[in-house]
Each structure stands twice: as C-alpha cells, then as structure tokens.
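Trainee: Could you take me through one part of this structure closely, and then show me how it connects with what lies around it? I would like the reasoning as well as the values.

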Amino acid sequence: MRRIAHISDLHFRRVDPAVVEGLLAELDHDRPDLVIASGDFTMRARTREYEEARAFLARVTAPVLAVPGNHDISPYRLWQRFFTPFRRYRRYIAPETEPVFQDEEIAVIGLNTVRTWAPERDWSQGKITRAQIRRTERVLAALPPHLFRIIVGHHPFIPPPWDAEARLVGRADEALAAFQRHHVGLALAGHLHRGYSRFVMPTPSGAARAEIDRSEAQTTATRLLAVQAGSATSTRLRGNEPNAYNRITVEGGVATVQVRLWTGSGWCDAAAAGSARCASDEADVTGPPAPP
Ligand SMILES: [Fe+2]
Ligand SMILES: [Fe+2]
C-alpha cells in the first residue's frame with residue numbers, strides 16, 4: 001500500500017500560518033510515503049516567498065514530488081521570466097520541473113504546464129506541448145506494467161462541474177487520451193483553488209464522464225480519474241471552499257481519494273465535516289488539550 005498527500009497552491013506570503021502548522025502536524029502524524037505538490041508555491045516568485053516555501057518543505061519528512069505553477073515564475077522581471085524562468089524554483093523547490101518518482105507500487109510523472117508567455121493577454125494559462133506528451137508516453141511505456149500510474153501538473157485537465165467552459169490546460173484532451181492509452185489511473189492538478197474529481201472515461205456502468213462525490217472516490221488503472229485539489233494553505237480561497245488537500249491511498253491497484261478539509265482547528269474528511277468523527281479525527285492529530 002502507498003499513502004500519498006496531494007497538496008497544491010500553497011502561495012507563500014499569502015498563507016494562514018495556523019493552516020500551515022496544521023498541515024505540517026497532519027503530515028507528521030500521517031507519515032505518507034510521498035507528498036505530491038502541484039504548483040503555486042509562491043505569489044510572485046520573490047526570493048523571500050521561495051525561502052518560506054523552502055522552510056515549509058524542509059519540515060516535511062516524506063519525499064516530495066513537485067511541479068511548478070504559474071505563480072512560481074516572475075510576473076515583473078521579464079528578462080528573468082523569458083530566459084531563466086525556473087532558476088529560483090530549481091534552487092528552492094526542486095532541481096527538476098518534470099520529476100519522475102517510481103517505487104515497487106506506484107509511478108508518478110510530473111508535467112510542467114507553466115508557460116512564460118502566450119499570444120494572448122492572460123499569461124497565467126498553462127499548456128502541454130506535443131513533445132511533453134510524447135516524452136510522457138515514453139516514460140509510461142517503459143514502466144513495469146503492475147505499477148499504478150499517476151500524472152501531476154498544475155493547470156486543470158477537467159472543468160469544474162459548475163463551469164463546463166472553464167479554461168483547461170492546453171491540449172488537455174490529447175494528454176488525457178495519451179494517459180488512458182498507458183493506463184494512468186490518476187491525473188492530479190490544482191490552480192483553480194477548487195476541489196473536484198471526475199472520471200475521464202465512461203465508467204463500467206456506462207455513465208460517461210460521471211461526476212462523483214468530491215469527498216471520496218476510488219479508481220483503478222482502467223478508469224482515469226482526474227482530481228483537482230483546493231488550496232492547502234493559502235488565504236486566496238475561492239467559492240467559499242476551505243483549505244483542503246487530497247489524501248490518496250493506492251492498494252492492490254485501486255486508488256482511493258479522500259478530500260481533507262481544514263475546519264479552523266484541524267483537518268477532517270469532507271464526508272465527515274461537522275460530525276463527531278471529525279472532532280475525534282482532529283484530536284488524533286493535535287493531541288489532547290493541554291492541562292490548564
Ligand atoms: Fe494558485
Ligand atoms: Fe495557478
């Protein structure tokens with residue numbers, strides 16, 4: 001079994017310190033085998049923001065696989081943006097922008113969907129090139145067949161249930177088709193600061209692109225599940241969604257995704273929010289209250 005924490009859109013300089021500490025406490029308690037971070041570590045790619053992100057990552061004991069987000073390259077220093085866009089990212093977060101993690105049970109492939117410019121006003125949108133798709137297919141084809149395969153990028157592969165026209169990562173459909181050809185089970189992303197999940201292929205019951213309860217979902221390598229994470233620590237929340245991250249377990253070729261929500265004092269399963277189970281879940285991590 002493998003246990004993964006999928007965190008996204010941390011946005012250092014605009015974080016809630018209590019949530020940051022709560023997330024570190026939860027990760028320390030859970031001891032996942034891997035933390036996957038799907039970009040936007042900073043707000044404006046400033047050095048001090050990267051230093052804060054680095055300090056956070058230094059306190060995470062699990063291995064971290066990260067990809068950059070659009071906020072991780074400078075919006076102001078155009079020389080830097082065009083010629084060395086990921087220099088600070090590589091220095092403070094990870095040397096690779098498209099890392100690959102592989103062990104005896106899972107393989108995780110990172111895709112850098114950030115673009116330094118675009119022929120339109122909004123440069124924050126992401127894209128996947130055909131070369132990236134080919135490279136990803138080569139990596140997938142070379143993997144041992146029994147590994148559960150996971151892809152992660154920053155920009156969304158699927159639209160939210162409430163906005164079918166939402167802007168997706170460029171070439172999302174081509175990329176998803178390639179992932180399906182190579183039996184990828186999960187495609188993870190962030191950027192929208194909203195959590196939702198959706199099967200990309202028709203389900204066995206015949207319900208094409210079925211939407212699922214966002215609080216918990218299961219999938220296998222024969223059904224590609226695209227999963228969006230909310231913002232784990234940022235105060236830039238959207239749609240009244242609290243901070244959140246995804247707790248993923250992979251066992252026997254089946255992945256289970258649980259959304260973990262910040263309640264103000266701890267984290268609990270989205271399905272249990274507001275219940276007694278939620279309160280005991282939080283107490284598990286934070287420990288008994290200190291004696292008066
Ligand atoms: Fe973000
Ligand atoms: Fe973003």
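Mentor: Happy to. Let's start with the rule for the charged pairs: a salt bridge is counted when a side-chain nitrogen of Lys or Arg lies within 4 Å of a carboxyl oxygen of Asp or Glu. Applied to this model, which is predicted, the rule gives 16 salt bridges. The background is simple: side chains of opposite charge can pair when their charged atoms come close.

Take Arg2 and Glu104, whose side chains form a salt bridge with an N to O distance of 3.1 Å. Arg2 belongs to strand S1 (residues 2-7) and Glu104 to the loop between strand S4 (100-102) and S5, so this pair ties together parts that are 102 residues apart in sequence. The partners have unlike surroundings: Arg2 has a relative accessible area of 13% and is buried, whereas Glu104, at 58%, is exposed.

Now move to Arg247 and Asp30, which meet in a salt bridge at 2.7 Å, N to O. Since Arg247 sits in strand S11 and Asp30 in helix H1 (residues 17-30), the pair ties together parts 217 residues apart in sequence. Here Arg247 and Asp30 are both buried. The pair also has company: a network of salt bridges links Glu26, Asp30, Arg247, Arg260 and Asp269.

Next to Arg247 in the sequence you will find Asn246, which also lies in strand S11 (residues 244-251). Asn246 counts as buried because its relative accessibility is 2%. Beyond its neighbours within four places in sequence, Asn246 contacts Ile4, Ala5 and His6, then Val227, Gln228 and Ala229, and finally Val257, Gln258 and Val259.

A further salt bridge joins the side chains of Glu241 and Arg194 at 2.9 Å, N to O. This one also links distant parts of the chain, with Glu241 in the loop between strand S10 (225-228) and S11, and Arg194 in the loop between S7 and strand S8 (196-199), 47 residues apart. With a relative accessible area of 11%, Glu241 is buried.

Arg194 brings us to the loop between S7 and S8, where His193 is found too. His193 has a phi near 60°, a positive value in a residue other than glycine, and counts as buried because its relative accessibility is 2%.

What about the strands that lead up to this loop? S6 and strand S7 (residues 184-189) run parallel and are joined by four bridges, with Ile151 paired to Ala187 in S7. The chain gets from S6 to S7 through H6, in a right-handed β-α-β crossover. S6 is mostly covered, with five of its five residues buried. In a regular strand the side chains alternate between the two faces of the sheet. In S6 both faces are covered: Phe148, Ile150 and Val152 on one side, Arg149 and Ile151 on the other, are all buried. S6 also pairs with strand S5 (residues 106-110), in the parallel sense over five bridges, and Phe148 in S6 is the bridge partner of Ile106. The path from S5 to S6 goes through helix H5 (residues 130-141), and this β-α-β crossover is right-handed.

Let's finish at the metal site. The iron ion (ligand 2) has as protein donors Asp40 (OD), Asn70 (OD1), His154 (NE2) and His191 (ND1), at 2.1 to 2.3 Å. Why is the arrangement called irregular? The angles between the four donor atoms span 89 to 158°, which makes it irregular; a tetrahedral call would need all angles between 85 and 135 degrees. Along the sequence, the donor residues follow the spacing D-x29-N-x83-H-x36-H. Asn70 is in the loop between strand S3 (64-67) and helix H3 (78-83), while His154 is in the loop between strand S6 (148-152) and helix H6 (172-181), so this pair ties together parts 84 residues apart in sequence. Asn70 counts as buried because its relative accessibility is 12%, and His154 is buried at 0%.

Asp40 deserves a last look. Asp40 coordinates both the iron ion (ligand 2) and the iron ion (ligand 1), which are 3.5 Å apart. Asp40 is found in the loop between strand S2 (34-38) and helix H2 (47-58). Its phi is near 60°, a positive value in a residue other than glycine, and at 1% relative accessibility Asp40 counts as buried.

Definitions and conventions. Residues are numbered from 1 along each chain as its sequence is written. Chains are lettered from A and ligands numbered from 1 in the order in which they are written. This is a predicted model: local features need pLDDT of at least 70, side-chain atom pairs count only at pLDDT 80 or more; totals for chains, interfaces and linings use all residues. Side-chain values use heavy atoms; hydrogens and water are left out. Donors are N, O and S atoms within 2.8 Å of the metal (3.2 Å for Na, K and Ca); water is not among the atoms, so sites may look incomplete. Four donors count as tetrahedral if all angles lie between 85 and 135 degrees; four count as square planar and six as octahedral if opposite donors are over 155 degrees apart and all others between 65 and 115; anything else is irregular. Helices (H or I, at least four residues) and strands (E, at least two) are DSSP runs, numbered from the N terminus. Buried means under 20% relative accessible area, exposed over 50%, partly exposed in between (1.4 Å probe, protein chains only). Contact means heavy atoms within 4.5 Å. Two strands pair if DSSP finds at least two bridges between them. A crossover is right-handed if, with the strands pointing away from the viewer, the path from the first strand over the helix to the second runs clockwise.
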